[in-house]
Amino acid sequence: QVQLVESGGGKVQAGDSLRLTCEASGHTISTSTMGWFRQAPGKERDFVADIAWNGGFINYADSVKGRFTISRDNAKNTVYLQMNSLKPEDTAVYYCARRRLSSRDYDSWGQGTQVTVSS
């Protein structure tokens with residue numbers, strides 16, 4: 001079973017940048033799609049971005065397109081989310097997740113990292 005640990009969250013002001021890191025251990029993620037999700041207080045968890053195992057396919061939620069960039073380093077078993085031009089509405093707990101190559105569902109999740117953006 002893979003363990004996922006997110007880091008890099010924090011409190012910033014609108015317009016600032018943050019880079020989130022998701023480190024995997026216990027199993028390689030090199031053959032898995034990796035995704036970032038977020039959950040704001042009182043709301044459901046929403047999709048943010050995902051990246052195919054080889055980086056060949058990347059998807060973003062409309063709300064983050066042009067501001068966020070997902071990337072991965074399979075040699076380091078790590079996935080990143082670069083967040084630029086942050087807005088107060090980006091405030092949420094951010095989670096990374098793993099989806100196996102043959103699966104439609106994300107089956108492993110990290111504990112999350114808090115991102116707070118003030119205006």
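## Report on an all-strand chain

In this predicted model, the chain exposes about 6300 Å², and carbon and sulfur atoms supply 46% of that area. Buried residues make up 42% of the 119 residues. The charged side chains number 14 positive and 12 negative, and the centres of the two sets lie 2 Å apart.

### Overall fold

The chain contains eleven strands and zero helices. Read from the N terminus, its elements run β-β-β-β-β-β-β-β-β-β-β. Along the principal axes, the C-alpha trace spans about 40 × 25 × 25 Å. The radius of gyration is 13 Å, which agrees with the value near 14 Å that a compact globule of 119 residues would have. Among contacts between residues at least 6 apart in sequence, 55% join residues at least 24 apart.

### Nonpolar core

The largest nonpolar core holds 26 residues, and the members that touch the most others are Trp36, Val48, Phe68, Val79, Leu81, Met83 and Tyr94. At least two residues of this core come from each of the strands E3 (18-25), E4 (33-39), E5 (45-51), E7 (68-73), E8 (78-83), E9 (92-99) and E11 (113-118). Strand E3 gives the largest share, four residues.

### Selected positions

The table lists the relative accessible area of four residues.

| Residue | Relative accessible area | Class |
|---|---|---|
| Thr33 | 11% | buried |
| Gly35 | 1% | buried |
| Asn77 | 13% | buried |
| Ser85 | 42% | partly exposed |

Two of these positions are in strand E4. Thr33 is found there, and Gly35 is placed in E4 as well. Thr33 counts as buried because its relative accessible area of 11% is under the 20% cut-off. Leaving out residues up to four places away in sequence, Thr33 touches Asp50, Ile51, Ala52, Trp53, Arg72, Ala97, Arg98, Arg99 and Tyr106.

Gly35 has a relative accessible area of 1% and is buried. With neighbours within four places in sequence set aside, Gly35 is in contact with Ala49, Asp50, Tyr95, Cys96, Ala97 and Tyr106. Asp50, Ala97 and Tyr106 are thus among the partners of Thr33 and among those of Gly35. The C-alpha atoms of Gly35 and Thr113, 78 residues apart along the chain, are separated by 14 Å.

Val93 is located in strand E9. Beyond its neighbours within four places in sequence, the contacts of Val93 are Phe37, Arg38, Gln39, Gly112, Thr113 and Gln114. Of these partners, Gln114 lies 21 residues from Val93 along the chain, with a C-alpha separation of 4.3 Å.

### Positive phi in loops

Two residues that are not glycine have a positive phi angle: Asn77 at about 55 degrees and Ser85 at about 50 degrees. Asn77 sits in the loop between E7 and E8, whereas Ser85 belongs to the loop between E8 and E9. Asn77 is a buried loop residue, with 13% relative accessibility. Ser85, with a relative accessible area of 42%, is partly exposed.

How values were computed:
Residues numbered from 1 in each chain as written. Predicted model: local features only at pLDDT ≥ 70, side-chain atom pairs only at ≥ 80, totals over all residues. Heavy atoms only, no water. Rg over C-alpha atoms; globule rule 2.2 N^0.38 Å. Buried < 20%, exposed > 50% of the residue type's maximum accessible area, 1.4 Å probe, protein only. Contact = heavy atoms within 4.5 Å. Areas by Shrake-Rupley, 256 points an atom, 1.4 Å probe, with all protein chains shown as cover. Lys, Arg positive; Asp, Glu negative; His and termini not counted. Charge placed at Lys NZ, Arg CZ, Asp CG, Glu CD. Core = buried A, V, L, I, M, F, W, Y, C linked by side-chain atoms within 4.5 Å.
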